[in-house]
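Please open the model in your viewer and keep the sequence beside it, since this tour moves from one selection to the next. At each stop, make the selection first and then read what is there.

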Amino acid sequence: QVDLTAYGDQPGKSIHILAEKGLWDQPQSIVTFTGNVKVASSEGLEVTTETLRYEQLNELAATDQPVQFRRADISGSSVGALLYAKTKNLALLKNAVLISANPDPNNKGGLPVEIRSESANYSEPDGVARFTGNCTVVQGEKSAKADAIAIVIDPKTKKLVRVEMRGNSQLSAQEKEKTSEMQSRDMDFHFDESQHLNLIVALGSARAKSLEQNAPREIAAEKIEAVYQPGKPGDKSNSLKSVATQGRTTMKIVVPDGGPDSKTISERVIEADSVQTSFRDDGKYISRAEASGNAILTVTPKPISGAAEKKILKAPGFIADFQDSGNAIKTFIADGG
């Protein structure tokens with residue numbers, strides 16, 4: 001029935017350890033705790049496991065057993081863990097799970113974020129958490145997958161800077177009247193000072209699909225950059241501001257021909273070497289599309305009839321301005337003229 005308190009060099013810093021048994025190997029400077037081990041630090045960290053070894057010379061705490069931990073709104077678990085006290089580096093060796101109960105301090109009551117991977121590593125001085133192997137991130141109806149995920153936090157402000165996904169990256173969201181999907185080899189998500197998402201960069205056979213009611217659209221290119229702007233006050237979501245592509249691009253838009261509730265629709269397909277698209281303030285309807293390099297616009301009525309034929313327009317480039325709603329083209333200028 002071991003009950004040990006170790007005090008740090010700084011006033012008020014301490015670690016309290018409870019365990020069924022303890023062994024101190026003084027020549028090797030190794031302390032081993034076994035049986036229902038519980039650790040609590042003065043900084044709010046709580047850890048439970050069955051065995052814990054502490055190497056005093058290396059300032060290393062290690063276990064190869066299942067371990068659970070919690071600190072404030074962050075909790076998690078793994079099988080095996082290494083904590084380097086001096087460098088403040090934590091390694092979760094197998095079946096890593098991390099849960100953030102309140103990922104956005106400015107949005108109380110927000111949905112928790114759960115991250116799972118084969119292993120993970122967190123360096124507090126660098127502010128980088130790396131998850132490796134079959135990584136998944138879930139928050140409510142939103143989910144992401146990748147071979148590896150890195151979360152970058154500003155060490156000074158503790159604010160989220162960006163999320164990097166590498167290898168087989170996928171993102172999906174199920175929201176009211178909207179389903180969106182994105183996939184590519186790699187993806188980066190950038191956040192502003194207010195912790196709002198302001199940029200997504202998808203690289204490597206990138207594809208994105210948004211099935212918003214009355215405004216479905218799809219886009220495919222080698223690289224897609226989507227810029228976002230914060231929503232209206234009280235709105236938790238961001239609005240899409242613009243999308244820029246590099247590499248041969250295909251953008252598909254389905255438009256109700258007779259208004260939002262029309263059963264007659266047509267499909268507009270824009271193809272070009274690059275496309276710059278801007279959206280209206282609601283982030284739903286397109287304002288302008290600028291296609292550059294071997295540009296093609298294909299309009300396909302559904303259904304095709306004698307009075308409604310398929311039209312194909314080709315030009316080195318073109319600019320299309322859209323109606324205020326419905327994603328219908330208002331004006332079309334080919335090759336600058």
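## Starting at Lys88

Begin by selecting Lys88, which is partly exposed because its relative accessible area is 43%, a value between the 20% under which a residue counts as buried and the 50% over which it counts as exposed. Bear in mind from this first stop onward that what you are looking at is a predicted model. Lys88 sits in the loop between strand E7 (74-84) and strand E8 (89-92). Which residues does Lys88 touch, not counting residues up to four places away in sequence? Show Tyr122, Ser123, Glu124 and Pro125, and you have the residues that Lys88 touches under that condition. With Tyr122 still selected, note that it is 34 residues apart from Lys88 along the chain, while the C-alpha atoms of the two are separated by 8.3 Å.

## The whole chain

Now zoom out and colour the protein chain by secondary structure, which comes to zero helices and 24 strands. The chain has 337 residues, and buried residues make up 34% of them. If you consider the contacts between residues at least 6 apart in sequence, 37% of these join residues at least 24 apart. Switch on the surface next: the accessible surface of the protein chain comes to about 19100 Å², and 51% of that belongs to carbon and sulfur atoms.

## Into the nonpolar core

In soluble globular proteins, nonpolar side chains tend to be buried together. To look at such a group here, select Met165, Ile224 and Ile270, the residues with the most contacts inside the largest nonpolar core, which has 55 residues. Keep Ile270 in the centre of the view and add the residues in contact with it, leaving aside its neighbours within four places in sequence: Thr249, Thr250, Met251, Val275, Ala289, Ala291, Ile296, Leu297 and Phe318.

## Three partly exposed residues in strands

Go next to Val79, which is found in strand E7 and is partly exposed, with a relative accessible area of 30%. When residues up to four places away in sequence are not counted, Val79 touches Asp64, Gln65, Pro66, Leu93, Lys94 and Asn95. Draw a distance from Val79 to Thr63, 16 residues apart along the chain, and you should find their C-alpha atoms separated by 8.3 Å.

Move on to Ser119 in strand E11 (residues 119-123), a residue that is partly exposed, with a relative accessible area of 23%. Leaving aside neighbours within four places in sequence, the residues in contact with Ser119 are Leu92, Leu93, Ala96, Arg130, Phe131 and Thr132. The C-alpha atom of Ser119 is separated by 9.0 Å from that of Cys135, 16 residues apart along the chain.

Then select Arg162, which lies in strand E14 and has a relative accessible area of 28%, so that it counts as partly exposed. Its contacts, again leaving aside neighbours within four places in sequence, are Ala150, Ile151, Val152, Phe189, His190 and Phe191. Gln195 is 33 residues apart from Arg162 along the chain, and their C-alpha atoms are separated by 9.7 Å.

## Two backbone angles to inspect

Most residues other than glycine have a negative phi, and most peptide bonds are trans. With that in mind, select Asn134 in strand E12 (residues 128-139), where phi is positive, about 50 degrees, although the residue is not a glycine. Is Asn134 buried or exposed? Asn134 counts as exposed, because its relative accessibility is 57% and the cut-off for exposed is over 50%.

The next selection, Asn168, is found in strand E14 and has a positive phi near 50 degrees, in a residue other than glycine. Asn168 is exposed, with a relative accessible area of 53%.

## Last stop: a pocket

Rolling a probe the size of a water molecule over the atoms shows where empty space is left. Finish at the second largest pocket, which has a volume of about 290 Å³, by selecting Glu181, Gln183, Arg207, Ala208 and Lys209, the residues that lie nearest its centre among the 17 that line it. Six strands are worth colouring here, since strand E13 (142-153), strand E14 (160-175), strand E15 (178-191), strand E16 (197-212), strand E17 (215-230) and strand E19 (249-256) each supply at least two residues of the lining. If you colour the lining by class, you will see six nonpolar, five polar and six charged residues.

Key
Residues are numbered from 1 along each chain as its sequence is written. This is a predicted model: local features need pLDDT of at least 70, side-chain atom pairs count only at pLDDT 80 or more; totals for chains, interfaces and linings use all residues. Side-chain values use heavy atoms; hydrogens and water are left out. A nonpolar core is a set of buried Ala, Val, Leu, Ile, Met, Phe, Trp, Tyr and Cys residues joined through side-chain atoms within 4.5 Å. Buried means under 20% relative accessible area, exposed over 50%, partly exposed in between (1.4 Å probe, protein chains only). Contact means heavy atoms within 4.5 Å. Helices (H or I, at least four residues) and strands (E, at least two) are DSSP runs, numbered from the N terminus. Accessible areas come from the Shrake-Rupley method with a 1.4 Å probe; for residues, only the protein chains shown count as cover. On a 1 Å grid over the protein atoms alone, a cavity is a set of points where a 1.4 Å probe fits but cannot get out, and a pocket is an open set with protein on both sides within 12 Å along at least five of seven lines; lining residues have an atom within 4 Å of a point. Grid points are joined across faces, edges and corners, and a volume is the space filled by probe spheres set on the points. Ala, Val, Leu, Ile, Met, Phe, Trp, Tyr, Cys and Pro count as nonpolar, Asp, Glu, Lys and Arg as charged, and the others, Gly among them, as polar.
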